[in-house]
Amino acid sequence: MAGADALTPARLQQELTFQTMLGSALLITQGYGSPEVQQAYDRVYELCQQGGETAPRLDALQGLWTFYYRRSENQRAHALGQQLLELAQRHAD
């Protein structure tokens, strides 16, 4: 039996979707400086590193990029922007 921390692809996709929606909702209700927003988007980033190249991953990375860009965390936003560009080029999107 897999460890309790192991994520199946379906579970990973569910949590990625949930955390992305949570991050968006927290942005609206609490603003970009909220520690809760950062926690949600940091989890999104962690999940994206584990998952495949799916459309939700692109959406999640875009939300995460927006978060760091709006907070003027330029190095992190730049790194995420590079990842987005590479994924978009691979998918001709």
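**Two helices and their packing**

P35 and Q39 of helix α2 are exposed, on the other side of that helix from its buried residues; exposed denotes over 50% relative accessible area and buried under 20%, with a 1.4 Å probe and protein chains only. The model is predicted, with local features requiring pLDDT of at least 70 and side-chain atom pairs pLDDT 80 or more, while totals for chains, interfaces and linings use all residues. Residues are numbered from 1 along each chain as its sequence is written, and side-chain values use heavy atoms, without hydrogens or water.

Helices are DSSP runs (H or I, at least four residues) numbered from the N terminus. Helix α2 comprises the 16 residues 35–50, and its end C-alpha atoms lie 23 Å apart, in agreement with the 22 Å expected at 1.5 Å a residue, the expected span being 1.5 Å times one less than the number of residues. Its buried residues are V37, A40, Y41, V44, L47 and C48. They occupy an arc of only 115° around the axis, so they lie on the same side of α2; the arc is taken from the directions from the helix axis to the C-beta atoms.

Helix α1 has 22 residues and reaches 31 Å, close to the expected 32 Å. Its buried residues are L12, E15, L16, Q19, T20, G23, L26 and L27. These fall within an arc of 135° and therefore line one face of α1. The face turned away carries the exposed A10, Q14, M21, I28 and T29.

After α1 comes G31, whose phi is positive, near 90°.

How values were computed. Helix = DSSP H or I, 4+ residues; strand = E, 2+ residues; numbered from the N terminus.
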